[in-house]
Amino acid sequence: MAPPPLSPLATSTPLLHGEFGSYPARGPRFALTLTPQALHIQRLRPKPEARPRGGLVLLAEVSGCCTLRSRSPSDPAAYLCIYTYPRGRRGGRRRATRTFGADGAATYEENRAEVQRWATVLTCLLRGLQLPGNGEITSHLLPRPPRLLLLVNPFGGRGLAWQLCKNHVLPMISEAGLSFNLIQTERQNHARELVQGLSLSEWDGIVTVSGDGLLYEVLNGLLDRPDWEEAMKTPVGILPCGSGNALAGAVNQHGGFEQALGIDLLLNCSLLLCRGGCRPLDLLSVTLASGSRCFSFLSVAWGFVSDVDIQSERFRALGSARFTLGTVLGLAALHTYRGRISYLPATVEPASPAPAHGLPRAKSELTLAPVPARTVAHSPLHRSVSDLPLSLPQPALTSPDSPEPLPVLSLNGGGPELARDWGGAGDPPLSPDPLLPSPPGSPRSALLSPITEGAPEMPASSGLLPPTPDGDPVAISTGGPPDHLLPPLGTPLPPGWVTLEGDFVLMLAISPSHLGADLVAVPHARFDDGLVHLCWVRGGISRAALLRLFLAMERGSHFSLGCPQLGYAAARAFRLEPLTPRGVLTVDGEQVEYGPLQAQVHPGLGTLLTGPPGRPGREP
C-alpha cells in the first residue's frame, strides 16, 4: 500500500539523516530521514523497494522511543526502538515497533552516541520542544518527565475501564516516558474527595480514565478547595473508557483525527496525551433552584436529551449503545415541555483560535548521560494507589529473511530474564542500555507522591461541610469565581437579555463541540471560545424530523437541514425556567434538582490536556 501524501512540513528540510542496520544484524539496511512531521524509511539492501511498504512513520502516530543494546558483548551496535500506532487497512490502530541499529562505528560507545542523538531529537519533536539553532543536541533539551495522577473508574465502560486502561493506556504512556500513579475510585464522589486533599504541587496533571462523569467530580472537587484559584491551574485530561465520551470526542477532533469510537478513540486520545500540550477550558457555573452551585465543562440539558441520558441508565451494561436504545424509546414517547429560556447574547464574534497554553508539556525520561538517582520519599499512599511495574506485551520481531520469531525485547525488567531463554543460536536478544535511565514502564519510572491516607483533610477555614456518613459529600460548591453577569434567581433580568417562551422538545446548553463521541452538536465550538452554545428544538417537530436531526448531528450537519423548529444562539449567560411541573435536568450527564437554574461562562477557568492541535479534515 502506497504511503499517504506528505504535508509541506513532512517534506521540509531533513533534521537528521543516516544509514542504519536492523535487528537481527543479518536483516536489511535502511536510510532514515527525520523531518518535523515524519520518519522516512528507505530500504537500501538487499535491494531498494520500488514501492516501499511502511516507508513513512508519521510522528502523530508515535508514542515514544528508547535505546537498546545487544546482550552479546561482541555486538558493537546500538539500537533505536520506536513505538508506533499506525492505522490498519480496516481503519483501526494497531501497535507496532520499529527497531534500527547504528553500527557505522567500530565501538559501541560511538554507536550509542548516535542513537541517543536520534532519540533526543525525536523526543523533542514529539513533545513540542524547541531544537537549538546551532544543531547541538544535549541532555538539557529534555526536562524531567511530568508526573500524572491517573484516576480510573473500574465500573466505567460496562465494567471494562480497568482492563482497557491496563491493556492500552498504561503501556502507551510508559512508552512515552511519563511518570504516573494510579488510583481506582471506589464509589461515587470518591474522585471529588481525593482531589480536595491532594498536594497538587506534586503533580503536573490529573487524568481521568472513564467517561465524562469522573472529570465532573475532579473539576468540582478542585473548585471546592480553599485554594481553588491555584488548584485550577492544574491541567486535567480525559481518556475515554465510559459510555459517555463527549469531551474525548472534542479532544479527538481538536487533534485532527477522524471521528472514532471505542478503542480507536481511546488510542487517539492516549497518543495526544503522550504528545503533551494544554488549552484553556471554559467552565459553566450553574446555580440551581436551591441556591447550590456546581461547575460544568460539558452541557446543561432539559427535555429529550436529559430524558434519554437518565432513562437509559438502566441499560448501562450496553455501553454507548444505551444511548441508541434510549433515543429509540424516547422517540416513541416524545414529550414537549413548557418553559422559558433567557440568555445574554455574545457581543462579539468568536475569536480566532488562541495559541496553546504555556503549561507543562509531556517530557521524556530519556537523557543523554547518566544522572545520579534521585532519592524519592515514599510517603504513605492512599490504599488504591499503585506503583506499577508494567510488563509490556511486545510482539516478536521478525524480518523478511527470517521466518523464525526472534526473542521478545525486555524493556522494563518486569518479565523473565531473556538471556537465559536465548539458546545461543542466531542473534542474542536486546536489552535496555544500562547507561541510560530505566526505560519507560520500569518500577522506577512511576514516581511516588504523597497523598493523604483515608478521608482528605479540609482546613477549618474552608467553609466546606464534612462528608456525609455514607461517604458522599454534600453537593454544595462554595469555591469558584463570582457570577457577575447573573442576578439572583427569581429576580428580573437586566437589560440586553433575550427571552423565549413556549413549548420545547429539548434545550441544550453546551460548551465544547461534542455531545457524544459521535455527536457533533456545535461544530465550530472551541474549548476556550468564552461562549455557551444554546440549542433548542420547539414543539411541533415530528419524530422523523427529530431523528433526522440526530442522524445529521453525527456529521455536524444538522444546522444545514433547515429545520424550522431548531434554534441556536451563542451566549455568555442564560437562565432556564421550566414551567412544566415534572421533568429531568442534567449537568454533564448528572441529574440535578428540577426547577429554575441559571449559568454563566467563566472563560479559561480550567486547563485541559489536549495534545497538539491537528489540521481539520486531515487524518494523520
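These legends accompany close-up views of a predicted model, taking a helix pair and then several salt bridges.

**View 1. Helix 3 packs alongside helix 8.** Here we look at helix 3 (residues 161-175) and helix 8 (residues 262-275), whose axes come within 9 Å and cross at roughly 25°. With angles under 35 degrees counting as roughly parallel, helix 3 is therefore roughly parallel to helix 8. The crossing of the two helices is right-handed. From helix 3, the contact draws on Leu164, His168, Val169, Met172 and Ile173. Helix 8 answers with Ile263, Leu266, Leu267, Ser270, Leu271, Leu273 and Cys274. Sorted by character, the residues of this contact are 10 nonpolar and 2 polar, with no charged ones.

**View 2. Aspartate 103 and arginine 29 form a salt bridge.** Their closest N and O atoms are 3.0 Å apart. Aspartate 103 belongs to the loop between strand 7 (96-102) and helix 1 (108-127), while arginine 29 sits in strand 2 (residues 29-34), so the pair ties together parts that are 74 residues apart in sequence. Have a look at the surroundings of each partner, too: aspartate 103 is partly exposed, at a relative accessible area of 33%, whereas arginine 29 is buried, at 17%.

**View 3. Glutamate 61 meets arginine 93.** The two side chains join in a salt bridge of 3.4 Å, N to O. Glutamate 61 is found in the loop between strand 4 (56-58) and strand 5 (62-70), and arginine 93 in the loop between strand 6 (78-84) and strand 7; the pair therefore ties together parts that are 32 residues apart in sequence. Glutamate 61 is buried, with 9% relative accessibility, and arginine 93 is buried with a relative accessible area of 9%.

**View 4. A salt bridge within helix 1 links arginine 117 and glutamate 114.** The closest N and O atoms of this pair lie 3.2 Å apart. Because arginine 117 and glutamate 114 are 3 residues apart in helix 1, about one helical turn separates them. Arginine 117 is partly exposed, at 32% relative accessibility, and glutamate 114 is partly exposed as well, with a relative accessible area of 24%.

**View 5. Salt bridges link five residues into a network.** The members to look for are Arg338, Arg340, Glu501, Asp503 and Glu577. To set this view and the pairs above in context, the count for the model comes to 18 salt bridges.

Technical notes: Residues are numbered from 1 along each chain as its sequence is written. This is a predicted model: local features need pLDDT of at least 70, side-chain atom pairs count only at pLDDT 80 or more; totals for chains, interfaces and linings use all residues. Side-chain values use heavy atoms; hydrogens and water are left out. Axes are lines fitted to C-alpha atoms, for helices over the stretch in contact, and angles run from 0 to 180 degrees between N-to-C directions. Helices (H or I, at least four residues) and strands (E, at least two) are DSSP runs, numbered from the N terminus. Angles under 35 degrees count as roughly parallel, over 145 as roughly antiparallel, 65 to 115 as roughly perpendicular and the rest as oblique. A crossing is left-handed if the near helix is turned anticlockwise from the far one by less than a right angle, and right-handed if clockwise. Contact means heavy atoms within 4.5 Å. Ala, Val, Leu, Ile, Met, Phe, Trp, Tyr, Cys and Pro count as nonpolar, Asp, Glu, Lys and Arg as charged, and the others, Gly among them, as polar. A salt bridge is a side-chain nitrogen of Lys or Arg within 4 Å of a carboxyl oxygen of Asp or Glu. Buried means under 20% relative accessible area, exposed over 50%, partly exposed in between (1.4 Å probe, protein chains only).
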